[in-house]
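Biologist: I am new to this structure. Could you take me through its main features in order?

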Amino acid sequence: MHERRDAACLTPNLRRNFGAQFQGGVQKRRAHFLASAARATVDAVALPVVNGATLTCSFGLAPSTLIVLPKNKTMDENAPMANIGDNAPMVNITPFGLCNSLANPVTASQTAAALGVLTPGTCTPAPVTSWVPGSPTVHVGGMPALDTNSKCICAYGGVISVTVGQAFKTMLP
């Protein structure tokens, strides 16, 4: 009786979608998780990325900043907009502090010198791909605009992603 009362307090759409799954405790928790996850999907809408955006790397220990040169001549919120070609190391993508990847030669040599104890080395971004996927509908400087859902791969195995795109008033379709 208690489980039916809990299922009755959920929205009619959830009851219809999950139907008899509310009879057991595990299924009820799963439905609650799915409902809360559906409410939490905020970044389904991509925001444009402009100069000063915050970047993170999966192997980096500190956030970085994206530098966008005004060569594309496209501005958003008084800052140059980035496109998928803005991936030059040390020009567009600044270092992430220290690097934990053993594929990085500095980290590998410092770890070997420490007798196998992982010792992070200096980060030197080495992107091997352009940003993907970019915006399919908006182009900046003849290339797809960079959005907050885009990722870039480093030669040392890290995945570079945009944490804060710095453009908050504009959304990309």
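The exchange below moves from the chain as a whole to single residues.

Biologist: In which order do the elements of the protein chain run from the N terminus on?

Modeller: This is a predicted model. The protein chain holds four helices and ten strands. From the N terminus on, these elements follow the order α-α-α-β-β-β-β-β-α-β-β-β-β-β.

Biologist: What percentage of the residues of the protein chain count as buried?

Modeller: A residue counts as buried under 20% relative accessible area. The protein chain has 173 residues, and the share that meets this cut-off is 34%.

Biologist: Which residue forms a salt bridge with Asp-86?

Modeller: A search of the whole structure finds one salt bridge. Its closest N and O atoms are 3.9 Å apart, and the partner of Asp-86 is Lys-71.

Biologist: How many residues apart in sequence are the parts that this pair ties together?

Modeller: Asp-86 lies in the loop between strand E4 (79-80) and E5, whereas Lys-71 lies in the loop between strand E2 (64-65) and strand E3 (75-76). The pair therefore ties together parts whose separation in sequence is 15 residues.

Biologist: Is Lys-71 buried or exposed?

Modeller: Its partner Asp-86 has a relative accessible area of 1% and is buried. The cut-off for exposed is over 50%. Lys-71 has 56% relative accessibility, so Lys-71 counts as exposed.

Biologist: Which residues is Asn-104 in contact with, leaving aside its neighbours within four places in sequence?

Modeller: Asn-104 lies in the loop between strand E5 (98-99) and helix H4 (105-113). At 2% relative accessibility, Asn-104 counts as buried. With those neighbours left aside, its contacts are Cys-99, Thr-122, Cys-123, Thr-124 and Tyr-156.

Technical notes
Residues numbered from 1 in each chain as written. Predicted model: local features only at pLDDT ≥ 70, side-chain atom pairs only at ≥ 80, totals over all residues. Heavy atoms only, no water. Helix = DSSP H or I, 4+ residues; strand = E, 2+ residues; numbered from the N terminus. Buried < 20%, exposed > 50% of the residue type's maximum accessible area, 1.4 Å probe, protein only. Contact = heavy atoms within 4.5 Å. Salt bridge = Lys/Arg side-chain N within 4 Å of Asp/Glu carboxyl O.
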